[in-house]
Amino acid sequence: MEDNARILVIEDDIDINDVVATSLRKAGYACEQAFSGSEARLLLKTAAMEGEAPFDLVVTDLMLPGASGEDLVREIRNRSDAPIIVVSARTGTNDKVELLKLGADDYLTKPFDLDELHARIAVQLRHAARGAGRSSAGLRFKDWVLDPEGRTLVAAGQPVKLTRLEYDIVETLVRRPKKVFTKQELFRAAWNEECFVEEKAVNVHISNIRGKLKPTGTEGYIETVWGIGFKLTD
C-alpha cells in the first residue's frame with residue numbers, strides 16, 4: 001500500500017500545498033489537493049458517491065476556509081480509519097491533545113521539514129498495512145472479545161467503536177495481559193517501531209479507550225501502574 005498510497009493534502013496556502021503535493025508525487029504517492037475545508041469535503045463526498053477507494057492517508061492544516069481542520073478530522077474519522085496527520089502552526093500541548101481526542105494520528109508543527117513529513121507518512125502507512133494483515137484468530141480477555149481480522153472489540157456483549165490506533169493499543173495489551181508496558185513500550189509494541197508522539201499522547205489515547213469502555217463497565221480492565229505505564233488487571 002505504501003508505494004501507491006492515495007494521499008489527500010488539505011492546505012489553504014497554495015505554495016505550501018503545491019510543495020507538499022509535488023514532493024509526495026515525486027516519492028511515488030498518488031496525491032490530491034484541497035485548498036479549503038469545503039473543497040476537501042467535496043472530494044471526500046465525491047469519492048464515496050462514486051465508489052472510489054478511500055484516501056489511504058490525509059494531511060491537513062487546521063485554519064481552513066469553509067470548514068475547520070478540527071471538523072474535518074472528526075468527519076474523516078467517523079467514516080474511515082485512514083491515518084490523519086495534522087500540520088499546523090499551533091504549538092500548544094492542549095491543541096495536540098484535543099486533536100488526538102478527535103482522532104488525529106500525528107501532529108507536525110509548522111514550519112516543518114519535508115523529510116520529516118515523509119518519514120511520518122511512511123510510519124503511518126506501514127502501521128495501517130500491518131494492522132490490515134494481522135492474524136485473524138480471535139482474542140479474549142475477561143468480557144472482551146477482539147476480532148483482529150475485522151479489527152473490532154465487543155465488551156460485555158456491546159460493540160465498542162475504536163480508532164485504528166486505539167484498537168491496536170487494546171490488542172497489544174490483550175496479547176500480553178500480564179506485561180506492564182511503559183508508555184513508549186506500548187506504542188512500540190502497537191506500532192512495531194519507534195513512535196514520534198509525546199508520552200502525554202499515550203495518556204490521551206488510554207483515556208479515550210476507557211471513556212468508550214465505560215458504558216460496558218469494563219473500563220477498569222486497563223490499569224495504570226504509577227510511575228511505569230499500563231497493564232491489564234489480573
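A negative surface patch is formed in this predicted model by Asp12, Asp13, Asp15 and Asp18. Of these residues, Asp18 lies in helix H1, which covers residues 14-26, and with a relative accessible area of 34% Asp18 is partly exposed. Patch members must have over 30% relative accessible area and no salt bridge, and the value of 34% for Asp18 satisfies the first of these conditions.

From this patch the reader may turn to the strands S7, S8 and S9. Strand S7 (residues 144-147) runs antiparallel to S8, and four bridges join the two; Leu146 stands opposite Leu153 of S8. The two strands form a hairpin with four residues between them, and in the turn Arg151 has a positive phi of about 55 degrees. S8 also pairs in the antiparallel sense with strand S9 (residues 158-160), here over three bridges, with Leu153 standing opposite Val160 of S9. The hairpin of S8 and S9 has two residues between the strands, and Ala156 takes a positive phi near 50 degrees in it. Leu153 thus has a partner in S7 and another in S9. Along S8 itself (residues 152-155) the side chains alternate, in that Leu153 and Ala155 point to one face and are buried, whereas Thr152 and Val154 point to the other face and are not buried.

The turn residue Arg151 leads on to the salt bridges, of which the count comes to 14. Arg151 forms one with Asp168, the closest N and O atoms being 2.9 Å apart. This pair links distant parts of the chain, since Arg151 is in the loop between S7 and S8 while Asp168 is in helix H6 (residues 164-175), 17 residues apart. Asp168 is buried, because its relative accessible area of 0% falls under the 20% limit for that class.

Other salt bridges lie within a single helix. In helix H5 (residues 114-132), Glu116 and Arg120 are four residues apart, about one turn of the helix, and their side chains meet in a salt bridge of 2.7 Å, N to O. The two partners differ in exposure: Glu116 is partly exposed at 30% relative accessibility, whereas Arg120 is buried at 8%. In helix H3 (residues 69-79), Arg74 and Asp71 are three residues apart, so that about one helical turn separates them, and their closest N and O atoms are 3.0 Å apart in the salt bridge. Here Arg74 is partly exposed at 36%, and Asp71 is partly exposed at 29%. Finally, Glu11, Asp61 and Lys110 are linked in a network of salt bridges.

How values were computed. Residues are numbered from 1 along each chain as its sequence is written. This is a predicted model: local features need pLDDT of at least 70, side-chain atom pairs count only at pLDDT 80 or more; totals for chains, interfaces and linings use all residues. Side-chain values use heavy atoms; hydrogens and water are left out. Patches are made of residues with over 30% relative accessible area and no salt bridge: like charges are joined within 9 Å, nonpolar side chains (Val, Leu, Ile, Met, Phe, Trp, Tyr) within 5 Å. Accessible areas come from the Shrake-Rupley method with a 1.4 Å probe; for residues, only the protein chains shown count as cover. A salt bridge is a side-chain nitrogen of Lys or Arg within 4 Å of a carboxyl oxygen of Asp or Glu. Lys and Arg count as positive and Asp and Glu as negative; His and the chain ends are not counted. The place of a charge is taken as NZ of Lys, CZ of Arg, CG of Asp or CD of Glu. Buried means under 20% relative accessible area, exposed over 50%, partly exposed in between (1.4 Å probe, protein chains only). Two strands pair if DSSP finds at least two bridges between them.
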